[in-house]
Amino acid sequence: MSTTKALPVLEPEGVMPCCPPLTERPMSAEESERAAKMFKALGDPVRLRLFSAVASHEGGEACVCDISDVGVSQPTVSHHLKKLKEARLLTSERRGTWVYYRVEPSVLTAMGQLLTNTSAAP
């Protein structure tokens, strides 16, 4: 007699593109709010460096121990990583004493779609 129970598989919460490409149509108020949060989070040089370090790290994720050397104190690194998570640009997972960060592929896709010029000729 088995006592194992099958658990449902939860789909990860995907990040939907915040807005259509800038050249497609004017943004709505809601779309501009979402895009502004993303750009505001990336508007700080330390945050941009942290985001880039995670995005370019081998395997698509980085331990905080591998990316914290950005010229500011550890509490400041934690603050900036928190802001990037609040903007839904990074996700994190605690493994033992370390936290691993990753940029979901849908985030990069959404950012790319926003800045794509759909009206430009190839």
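The structure holds zero disulfides, a disulfide being a pair of cysteine sulfur atoms within 2.5 Å. Select the cysteines Cys63 and Cys65 to begin: Cys63 counts as buried at 2% relative accessibility, whereas Cys65, at 37%, counts as partly exposed. Here buried means under 20% relative accessible area, exposed over 50%, and partly exposed in between, with a 1.4 Å probe and protein chains only.

Before going further, note that this is a predicted model, in which local features need pLDDT of at least 70 and side-chain atom pairs count only at pLDDT 80 or more, while totals for chains, interfaces and linings use all residues. Residues are numbered from 1 along each chain as its sequence is written, and side-chain values use heavy atoms, with hydrogens and water left out.

**The whole chain**

Colour the chain by secondary structure, and five helices and three strands appear; helices (H or I, at least four residues) and strands (E, at least two) are DSSP runs, numbered from the N terminus. Followed from the N terminus, the elements run α-α-β-α-α-β-β-α. Of the 122 residues in the chain, 27% are buried. Among contacts (heavy atoms within 4.5 Å) between residues at least 6 apart in sequence, 60% join residues at least 24 apart. Switching to a surface display shows an accessible surface of about 8,400 Å², of which 57% belongs to carbon and sulfur atoms; accessible areas come from the Shrake-Rupley method with a 1.4 Å probe, and for residues only the protein chains shown count as cover.

**The nonpolar core**

Next select Leu50, Phe51, Leu81, Leu84, Leu89 and Leu90, which touch the most other members of the largest nonpolar core, a set of 25 residues. A nonpolar core is a set of buried Ala, Val, Leu, Ile, Met, Phe, Trp, Tyr and Cys residues joined through side-chain atoms within 4.5 Å. At least two residues of this core come from each of helix 1 (29-42), helix 2 (45-56), helix 3 (64-67), helix 4 (74-86), strand 3 (98-102) and helix 5 (105-115). Centre the view on Phe51 and, leaving aside its neighbours within four places in sequence, find its contacts with Leu42, Leu84, Leu89, Leu90, Val103, Val107, Leu108 and Met111.

Move then to Val46, which is found in helix 2 and, at 15% relative accessibility, counts as buried. Not counting residues up to four places away in sequence, Val46 touches Val70, Val72 and His80. A C-alpha to C-alpha distance drawn from Val46 to Thr76 comes to 9.3 Å, with their positions 30 residues apart in sequence.

**Salt bridges**

Show the charged side chains: a search of the whole structure finds eight salt bridges, each a side-chain nitrogen of Lys or Arg within 4 Å of a carboxyl oxygen of Asp or Glu. One of them joins the side chains of Glu30 and Arg34 at 3.1 Å, N to O; both residues lie in helix 1, four residues apart, about one turn of the helix. Glu30 is exposed at 54% relative accessibility, while Arg34, at 38%, is partly exposed.

Now select Arg102 and Glu61, whose side chains meet in a salt bridge of 3.3 Å, N to O. Arg102 lies in strand 3 and Glu61 in strand 1 (residues 61-63), so the pair ties together parts that are 41 residues apart in sequence. Arg102 also forms a salt bridge with Glu93, with the closest N and O atoms 3.2 Å apart. Adding Arg95 to the selection completes the picture, as salt bridges that share partners join Glu61, Glu93, Arg95 and Arg102 into one network.

**Two loop positions**

Gly60 is placed in the loop between helix 2 and strand 1 and is partly exposed at 30% relative accessibility. Beyond its neighbours within four places in sequence, Gly60 is in contact with Val54, Tyr101, Arg102 and Val103. Its C-alpha atom is separated by 8.6 Å from that of Glu104, 44 residues apart along the chain.

Arg88 lies in the loop between helix 4 and strand 2 (91-95), and has a positive phi of about 60° although it is not a glycine. Most residues other than glycine have a negative phi. Arg88 is partly exposed, with a relative accessible area of 43%.

**A last stop on the surface**

Finish with Leu22, Phe39 and Leu115, which form a nonpolar patch with about 300 Å² of accessible area together. Patches are made of residues with over 30% relative accessible area and no salt bridge, with like charges joined within 9 Å and nonpolar side chains (Val, Leu, Ile, Met, Phe, Trp, Tyr) within 5 Å. Leu115 is found in helix 5 and is exposed, with a relative accessible area of 57%.
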